[in-house]
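User: I am new to this structure and would like to know what stands behind each term used to describe it. Please set every value against its definition before you conclude anything.

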Amino acid sequence: MFDLSGKAALVTGASGGIGGAIARMLHKQGAIVTLSGTRADALEQLKGTMGERAHVVAAKMDDAADIERLAKEAEAAMGGKLDILVNNAGITRDNISMRMKDEEWEKVLQVNLTGTFRLIRATMRGMMKRRFGRVINITSIVGVTGNPGQANYAAAKAGLIGMSKSLAQELASRNITVNCIAPGFIATPMTDVLTDEQKKGILGRVPADRLGTPEEIAAGVVYLASDEAAYVTGQTLHINGGMAMI
Amino acid sequence: MSDVAERVKKIVVEHLGVEAAQVKEDAKFIDDLGADSLDTVELVMAFEEEFSIEIPDDAAEKIQTVGDAISFITSNAKS
C-alpha cells in the first residue's frame, strides 16, 4: 500500500520541520523528490541525507517569475514529470489586527496563498496531459478555527481550503486530486521556542495531550499522494490530536 | 492548408472521441462537439504541440470552432 515508486514529487518549504519530514517520507515510499525552499544550504543538507532520487531547486514563493522557473526546473530535474505537488511553504507575520500593517497582511497572503496558486497553475498543464496529479496543500487548523494575532495567516490558510475545493472540481475528471492537510500544534523548531507555560496552555486544548510530530503530518501526505486515495478530492484532513473536530 | 485542416481534425476526433464526419469547419467545440471547458484548453495544448506553435490565452479564447483553429494555425504555423 501507498507505494510511490516512480512518482515525481515537489515539496515546497522543505527546509522546515514539517516540509522536511514530508520530503523524507515521500522519498522513503519510493518517490523521486525535488526539495524547494529559500535556504539552499539547508535543502542541500537534507538532500545529502536522502541519497539518490533527490534534487534541490531553491525558489522564492513571493516572486511570480521564480515560481515559473521552479515548476520548469523541478520537472526537468525529475525526468520531465511532476506527479505530486506538496505546497507546504508558508510564513507568519503575527500581529493583532489593530496594529497589523498592510505589508504584514500582504506578504503572508502573497507567499501562503498567491504563491501556492501560481505554483499549482504552473504545474497543472503537465498533470492534465499525463492524466495524473496529486496536489496537497498544507493549510492549518487556524484556517478553520481562527486565531487571535493571526488574521493574515488564518485568512491565507482558509483561502487555501476554498481554492483547493474549486481546483478539485475543475480537475477531478483528469484524475488530478486536490486536497488539504490541516495540522494542529506540531513539534518543530517553530514551536520549540515556546515556553513550558505556553506549551501547557496549548496542550490544555489538545485531547491527545501532546504535540503532534512532523511524521504524523507526512503520513497524511503519503496517503493523499497514493494511488489508493484516487477517490479523495477537495477534502481537508485534520491532524491535530482532537484539538478541533470539524 | 488542407494538411493543417486534416491534422487539426484528426486531433479533434482523437481528443473528443467524435466521428470525423461531425468535425466540420463550422462545428463549435463546446456546442456541437460536446467539449467542456477543460477539453478546449487541452485541444489548444495539443495544437501547440502538433504544430510547434504557441497559442496565447487571448487567442485561445477566440478559437471556438474547428475552422477558427485551422485559420489561426495556418496564419501562425512555422511548419
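Analyst: A word for direction depends on an angle: under 35 degrees counts as roughly parallel, over 145 as roughly antiparallel, 65 to 115 as roughly perpendicular, and the rest as oblique. The model is predicted, and local features need pLDDT of at least 70, side-chain atom pairs count only at pLDDT 80 or more, while totals for chains, interfaces and linings use all residues. Residues are numbered from 1 along each chain as its sequence is written, and chains are lettered from A and ligands numbered from 1 in the order in which they are written.

User: Why are α4(A) and α6(A) called roughly parallel rather than oblique?

Analyst: Axes are lines fitted to C-alpha atoms, for helices over the stretch in contact, and angles run from 0 to 180 degrees between N-to-C directions. Helix α4 (residues 102-130) of chain A and α6(A) pack at about 20°, with their axes 9 Å apart, and α4(A) and α6(A) are therefore roughly parallel to each other. The crossing of α4(A) past α6(A) is right-handed, a word used if the near helix is turned clockwise from the far one by less than a right angle, whereas anticlockwise would be left-handed.

User: What makes the contact of α4(A) with α6(A), and which classes of residue does it hold?

Analyst: Two residues are in contact if their C-beta atoms, placed from the backbone, lie within 7 Å. Among those that α4(A) contributes are W105(A), L109(A) and F117(A), and those from α6(A) include Y153(A), L160(A) and M163(A). By class the contact has twelve nonpolar, four polar and two charged residues, where Ala, Val, Leu, Ile, Met, Phe, Trp, Tyr, Cys and Pro count as nonpolar, Asp, Glu, Lys and Arg as charged, and the others, Gly among them, as polar.

User: Which word describes α1(A) against α9(A), and how do you know?

Analyst: Helix α1 (residues 17-28) of chain A and helix α9 (residues 214-225) of chain A pack at about 50°, with their axes 8 Å apart. That angle makes α1(A) oblique to α9(A). The contact involves, among them, I18(A) and M25(A) of α1(A) and I217(A) and V221(A) of α9(A), and its residues divide into twelve nonpolar, one polar and one charged.

User: At what angle do α3(A) and α4(A) pack?

Analyst: Helix α3 (residues 64-77) of chain A and α4(A) pack at about 35°, with their axes 9 Å apart, in a right-handed crossing. By class, this contact has six nonpolar, three polar and three charged residues.

User: How many helices and strands does chain A have, and how are the strands ordered in the sheet?

Analyst: Helices (H or I, at least four residues) and strands (E, at least two) are DSSP runs, numbered from the N terminus, and chain A has nine helices and seven strands. Two strands pair if DSSP finds at least two bridges between them; the seven strands form an open sheet in the order β3-β2-β1-β4-β5-β6-β7 (chain A), with parallel pairing. The edge strands are β3 (54-56) and β7 (236-239) of chain A, each of which pairs on one side only. Strand β4 (residues 84-87) of chain A pairs with strand β5 (residues 133-138) of chain A over four bridges, and I84(A) stands opposite R134(A) in β5(A).

User: What are the radii of gyration of chain A and chain B set against?

Analyst: The radius is taken over C-alpha atoms, and the globule rule is 2.2 Å times the number of residues to the power 0.38. For the 246 residues of chain A, a compact globule would have a radius of gyration near 18 Å, and the chain's 17 Å agrees. For the 79 residues of chain B the rule gives a value near 12 Å, and its 11 Å agrees. Chain B has four helices and zero strands.
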